[in-house]
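Work through the exercises below with the structure in view. Each task is followed by a solution in steps.

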Amino acid sequence: MTTDVETRAALERIFNARSLAVVGASNDPRKFGGMTLDCLIRGGFEGRLYPVNPKADQVLGLKAYPSVSDLPGEVDLVSVIVPARFVPEVIRQAGAKGAVGAVVHSGGFSEQGEDDLEAELLAAAREYGMRILGPNIQGINYLPNKMCCMFLPVIKTQGPLAVITQSGSVTTALTEWPADEGLGISAAVNLGNQADLGESDYLDFFAHDDQTKVIVMYLEGVKNGRRFLETLRRTTALKPVVILKAGRTAVGQRSAASHTGSLASSYQVFAAACRQNGAYVAHDLEETYDAAKALACLSPPRGNRLLSVSTSGGAGTLAGDHAESYGLTMPLLSTEAAAGVREAGAPPLAILSNPLDMVTLSAEDFQRVILALDRFNPADVILLNLGDPLEGGAEVAEKLSRELTAGFAVSYFAGGQEERRGRVAMQRQGLAVFATPERAVRGIGAAVWYADYRRKRGLDQGEAS
Amino acid sequence: MSNESGRFLTEPEAIELLAGSGVPYPEHALAVSAGEAAAAAGRLGFPVVLKIVSPAVVHKSDLGGVALDLAGERAVAEAHGRIMDSLRAKLPEAVIHGVLVCRQAPAGVEVIVGATRDPVFGPTVMCGLGGVFTEILKDVSFRVAPLARIDAEEMIQELRGYPVLTGARGGPPADLKALARLLVAVGDLVHRRPEIVELDLNPVRVYPNGLLALDARVRVNERAGGVSG
């Protein structure tokens, strides 16, 4: 039995590999072997890269070697993209070269009923104390090491999210969205067949990875339920985890022998088990991303009170519509707070309620009013909804996020280029910025949920001082 | 769960198993004749409920094996006769251990508490409100055993019908501390005893002070550990 500590140490060395052989590297950009080496080069990997291809002297401009055994000196990690039947031999050669692990992209193992071949692969790895990622995976991307060992996509925007998924296309969505918006990721990992390393191992690694603030998982099932829950509980005591589980509507195949049995759809139990152990369970891809972003960028809310401040009435109404379904309340402004805001110089047409409709497009007005309001503790999170481009909005938002006692999030909607640039500018400053008020409320709801989970279990006691 | 073997405990066996875990049950006695049933009812106090006890009977009311609201010894003796006749007509081969005489519990908010073994996570506990809430609206919540007190509280609070428990219908609020204690106790039981593959307390009546489980169905498989907890 390998312990968690040993596995974590092995993953530490794998993700921080200084030399990497790409076995099956190809000059053909349409082949997985060509795409993977290309991603590593474009990702900016700074360690030594060894293409392995018996039929080429050079691959993508790098000197190629006929086999792993022919490599000059040792190698930390191998990326394997050769037909399945050749993989065990590649693993043995890599083991002899001192490799810690192998990223086995190749398919054709247990997912195709080839259980014996997968067992042989595993036996070869064990013989040399190597660890296997995959087989049958898109790959891994660890940005602190600029190691995009994946056949796509190349994500270089480093940020707080580690993304662990059981699907290639989900990996692409959950890594490209944060990259496009300027939030970024720390890592992406595909699970594949999990012949050796599995969901709990990666979860445990990222729990202890300083570069990761939030872990995002897309799961279709788990291999070892009890171990997963124990790892999840330890992880969520350290940092937030967001889980999206496929198969929400598939009702468990149970007979109706009893009420309990017939009602226990596996999704419901899965979601409850994750929540019980501190993970925020999202219902779809977009919510997964919104929750992860809010958990990464919003300071932990003290409670569930939301104040919505808008340039236009519609935004506030939309935010209000969603607040309750995400566990948020929108208390009315106190008379003292309303008076305080008038004194501070609210725009003459402003409607001082919650949602608060500013009827102004002056960034200066927003800053003055919101700072004045904050002194009256009107809410635990203040959401600023910008329905139109706001001159100087990014600067004001950044200042507010630093100075407010309440948590602070922004929705910057309407689809124009100006708004998009504004969102990215704010996102780069670490603000929680969303494309619509609804999505902002959803994200805030997740942050409130997690803060509540921690509070009720006393997880933050002793850290405050 | 029909693919898993095992057997249902009779109600007295189930009660004995649960009593050790702090699951409150109405006062009861096993009787093997009409005379014994009437005498037991006299001791327990009226009204009483009679329930058939037979390893062959899982759904007692479907087979005419239950009689409610019995207010006197004569009513008990007559009900005993009806139950025996019904059983002999419908399941002539069934071994009958007797009838369970239970003191009839007062009205209260009805909930259902259950436990199953999830193929992935092992023992899980379920809670729901009785009647349409559970059967039509599927308003139930789950947790993996063992449960911390906070888990039990949250699984009660997340029911859509939660306001019914806090007195939304004008009644007094139900004893939610007692319900949380019950959920924790059931979780501990199924966590500790891997041979319990399924457990149903349906209904459980929750009162302003305390609660009572009115029926218990427990399936055990002595050879199985299920997914270990």
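**Exercise 1. Describe the domains of chain B and the overall build of the chain.**

Step 1. Start with the spacing: the C-alpha centres of domain 1 of chain B and domain 2 of chain B are 27 Å apart. The model is a predicted one.

Step 2. Place the bounds. Domain 1 of chain B covers 27-103, and domain 2 covers 107-220.

Step 3. List the secondary structure: chain B contains 7 helices and 11 strands.

Step 4. Check the size. The C-alpha trace of chain B spans about 50 × 45 × 30 Å along its principal axes. For 229 residues, a compact globule would have a radius of gyration near 17 Å, and the 18 Å of chain B agrees with this.

Step 5. Look at burial and contacts. In chain B, 44% of the 229 residues count as buried. Among its contacts with a separation of 6 or more, 66% come from residues 24 or more positions apart.

**Exercise 2. Do the same for chain A.**

Step 1. Count the elements: chain A has 16 helices and 19 strands. Its radius of gyration is 25 Å, close to the 23 Å from the globule rule for 465 residues, so chain A is as compact as a globular protein of that length.

Step 2. Give the box. Taken along the principal axes, the C-alpha atoms of chain A fill roughly 80 × 60 × 40 Å.

Step 3. Add burial and contacts. Of the 465 residues in chain A, 54% are buried. Residues 24 or more positions apart make up 72% of the chain A contacts with a separation of 6 or more.

**Exercise 3. Which residues and elements does domain 1 of chain A use to touch domain 2 of chain A?**

Step 1. Set the bounds: chain A is divided into domain 1 (4-150), domain 2 (158-297) and domain 3 (306-456).

Step 2. Find the spacing and the contact. The C-alpha centres of domain 1 and domain 2 of chain A are separated by 26 Å. Their contact takes 26 residues from domain 1 of chain A and 20 residues from domain 2 of chain A.

Step 3. Name the elements. On the side of domain 1 of chain A that touches domain 2 of chain A, at least two residues each come from α1 (4-15), α4 (115-127), β7 (131-133) and β8 (139-142) of chain A.

Step 4. Sort by class: this side of domain 1 of chain A holds 14 nonpolar, 7 polar and 5 charged residues.

**Exercise 4. Locate the nonpolar cores.**

Step 1. Recall the general tendency: in soluble globular proteins, nonpolar side chains tend to be buried together.

Step 2. Take the largest nonpolar core, which has 202 residues; A:Val78, A:Ala102, A:Val242, A:Ala409, A:Ile444 and B:Leu183 touch the most other members. Helix α16 (residues 437-456) of chain A gives the most to this core, with 10 residues.

Step 3. Note that another core, of 21 residues, lies apart from it, with B:Ile52, B:Val53, B:Ala79 and B:Cys102 among them.

Step 4. Follow one member. Leaving out residues up to four places away in sequence, A:Val242 touches residues including A:Val214, A:Val216, A:Tyr280 and A:Leu295.

**Exercise 5. Trace the five-stranded sheet of chain A.**

Step 1. Write the order: 5 strands of chain A form an open sheet, β16-β15-β17-β18-β19, with parallel pairing.

Step 2. Find the edges. Strands β16 (356-357) and β19 (432-434) of chain A each pair on one side only.

Step 3. Examine one pair. Strand β18 (residues 407-412) of chain A pairs with β19(A) in the parallel sense over 3 bridges. A:Ser411 stands opposite A:Phe434 in β19(A).

**Exercise 6. Is A:Asn136 buried or exposed, and where do the unusual backbone angles occur?**

Step 1. Take the cis bonds. A:Leu152 and A:Pro153 are joined by a cis peptide bond with omega about -15 degrees; A:Pro153 lies in the loop between β9 (147-150) and β10 (158-165) of chain A. The bond from B:Ala145 to B:Pro146 is also cis, with omega near 0 degrees, and B:Pro146 is in the loop between β8 (140-144) and α5 (149-157) of chain B.

Step 2. Take positive phi. A:Asn136, not a glycine, has a phi of about 70 degrees and is found in the loop between β7 and β8 of chain A. For A:Asn377, phi is near 45 degrees; its place is the loop between α13 (363-374) and β17 (381-386) of chain A.

Step 3. Apply the cut-off: 20 or more other C-beta atoms within 10 Å makes a residue buried. A:Asn136 has 21 and is therefore buried. A:Asn377 has 13 such atoms within 10 Å and is partly exposed.

Key:
Residues are numbered from 1 along each chain as its sequence is written. Chains are lettered from A and ligands numbered from 1 in the order in which they are written. Domain bounds come from an automatic or database domain assignment. Two residues are in contact if their C-beta atoms, placed from the backbone, lie within 7 Å. Helices (H or I, at least four residues) and strands (E, at least two) are DSSP runs, numbered from the N terminus. Ala, Val, Leu, Ile, Met, Phe, Trp, Tyr, Cys and Pro count as nonpolar, Asp, Glu, Lys and Arg as charged, and the others, Gly among them, as polar. The radius of gyration is taken over C-alpha atoms; the globule rule is 2.2 Å times the number of residues to the power 0.38. A residue is buried if 20 or more other C-beta atoms lie within 10 Å of its own, exposed if 12 or fewer, and partly exposed in between; C-beta atoms are placed from the backbone. A nonpolar core is a set of buried Ala, Val, Leu, Ile, Met, Phe, Trp, Tyr and Cys residues joined through C-beta atoms within 7 Å. Two strands pair if DSSP finds at least two bridges between them.
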